[in-house]
Amino acid sequence: MSVLPILKWPDPRLMETCAPVEEITDDVRTLVADMLETMYAAPGRGLAAPQVGILSRIFVMDVGWKEGKSDPLVCINPMLQEVGDERAENDEGCLSIPGVSATVSRPSRVQMVWTSLEGARYVQSFEGFAAACAQHELDHLDGVITFDHLDAVARSAIEAEYEAQA
Ligand code: NI
């Protein structure tokens, strides 16, 4: 396994729509192992394949590991199946936009379906921070970052803050 370099915004690969995974090959298994190692080394709670330059619909997340409640999820071809009406705001960081966090409003409850590394179909509901994290990672697979959720004023302010410290 190896720790991969994480692309930083505004790398154009972070703005691409990723392609579905057709088959779980050894290359996919190696990529996922490397992505998990990269996420933990960063250290972060989620990492999507385009953040390491691979434009495939794969992300990993482990929302509780920093609190000793590790539960790594490997999500291949994830899709939202149900989205709740209520919304919640979270301050979201991103390993590709280090040093700043954006306040993003998202549905507070979602149900996601995905394929595991073993090829099994999973359906799970997420709420709270896990719901925000899953949607954040899913966004990466469609070339969407936290800044894209902000209005023009908030976006210019945070872009200026990011550029000032970069
Ligand atoms: Ni991110």
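Helices are DSSP runs of H or I with at least four residues, and they are numbered from the N terminus. The model described here is predicted.

**Largest pocket**

Helix α2 gives the largest share of the lining of the largest pocket, namely 5 residues. The helix spans residues 128-141, and both α2 and strand β4 (87-92) contribute at least two residues each to that lining. In total 15 residues line the pocket, and R45, G46, G93, C94 and F129 are the ones nearest its centre. Sorted by class, the lining holds 6 nonpolar, 4 polar and 5 charged residues. The space in this pocket comes to about 270 Å³.

**Nickel site**

Three residues coordinate the nickel ion: C94 through SG, H136 through NE2 and H140 through NE2, at 2.1 to 2.3 Å. Along the sequence these donors follow the spacing C-x41-H-x3-H. Helix α2 holds both H136 and H140, which are 4 residues apart, or about one turn of the helix. Both histidines, H136 and H140, are buried. C94 appears in two roles, as a donor to the nickel ion and as one of the residues nearest the centre of the largest pocket.

**Strand pairing**

The table lists three strand pairs and one pair of facing residues in each.

| Strand pair | Sense | Bridges | Facing residues |
|---|---|---|---|
| β1 and β2 | antiparallel | 3 bridges | A48 and F59 |
| β2 and β3 | antiparallel | 4 bridges | F59 and C75 |
| β6 and β7 | antiparallel | 7 bridges | W114 and Y122 |

Strand β2 pairs with β1 (residues 46-48) and also with β3. F59 stands opposite A48 and also opposite C75 in β3. In a regular strand, side chains alternate between the two faces of the sheet. Both faces of β2 are covered, with I58 and V60 buried on one side and F59 and M61 buried on the other.

Strands β6 (residues 109-115) and β7 (residues 121-127) form a separate topic. Their hairpin has 5 residues between the strands, and G119 has a positive phi near 90° there. V123 is a residue of strand β7. Its relative accessible area is 47%, so V123 counts as partly exposed. From V123 to F147 there are 24 residues along the chain, and their C-alpha atoms are 28 Å apart.

**Aromatic pairs**

How many aromatic pairs does the model contain? With ring centres required to lie within 6.5 Å, the count is 6 aromatic pairs. One of them joins Y40 and W65: the ring centres are 5.0 Å apart and the planes meet at 85°, so the pair is edge-to-face. Y40 belongs to helix α1 (residues 26-41), while W65 sits in the loop between β2 (58-61) and β3 (73-83), so this pair ties together parts 25 residues apart in sequence. The two residues are both partly exposed, Y40 with a relative accessible area of 26% and W65 with 23%. Elsewhere, ring pairs link W9, F147 and Y162 into a cluster.

Conventions: Residues numbered from 1 in each chain as written. Predicted model: local features only at pLDDT ≥ 70, side-chain atom pairs only at ≥ 80, totals over all residues. Heavy atoms only, no water. 1 Å grid on protein atoms, 1.4 Å probe; cavity = no way out; pocket = protein on both sides within 12 Å on 5 of 7 lines; lining within 4 Å. Points joined across faces, edges and corners; volume = space filled by probe spheres on them. Nonpolar A, V, L, I, M, F, W, Y, C, P; charged D, E, K, R; others polar. Donors = N, O, S within 2.8 Å, 3.2 Å for Na, K, Ca; no water. Buried < 20%, exposed > 50% of the residue type's maximum accessible area, 1.4 Å probe, protein only. Phe/Tyr/Trp six-rings, centres within 6.5 Å; stacked < 30°, edge-to-face > 60°. Pairing = 2+ DSSP bridges.
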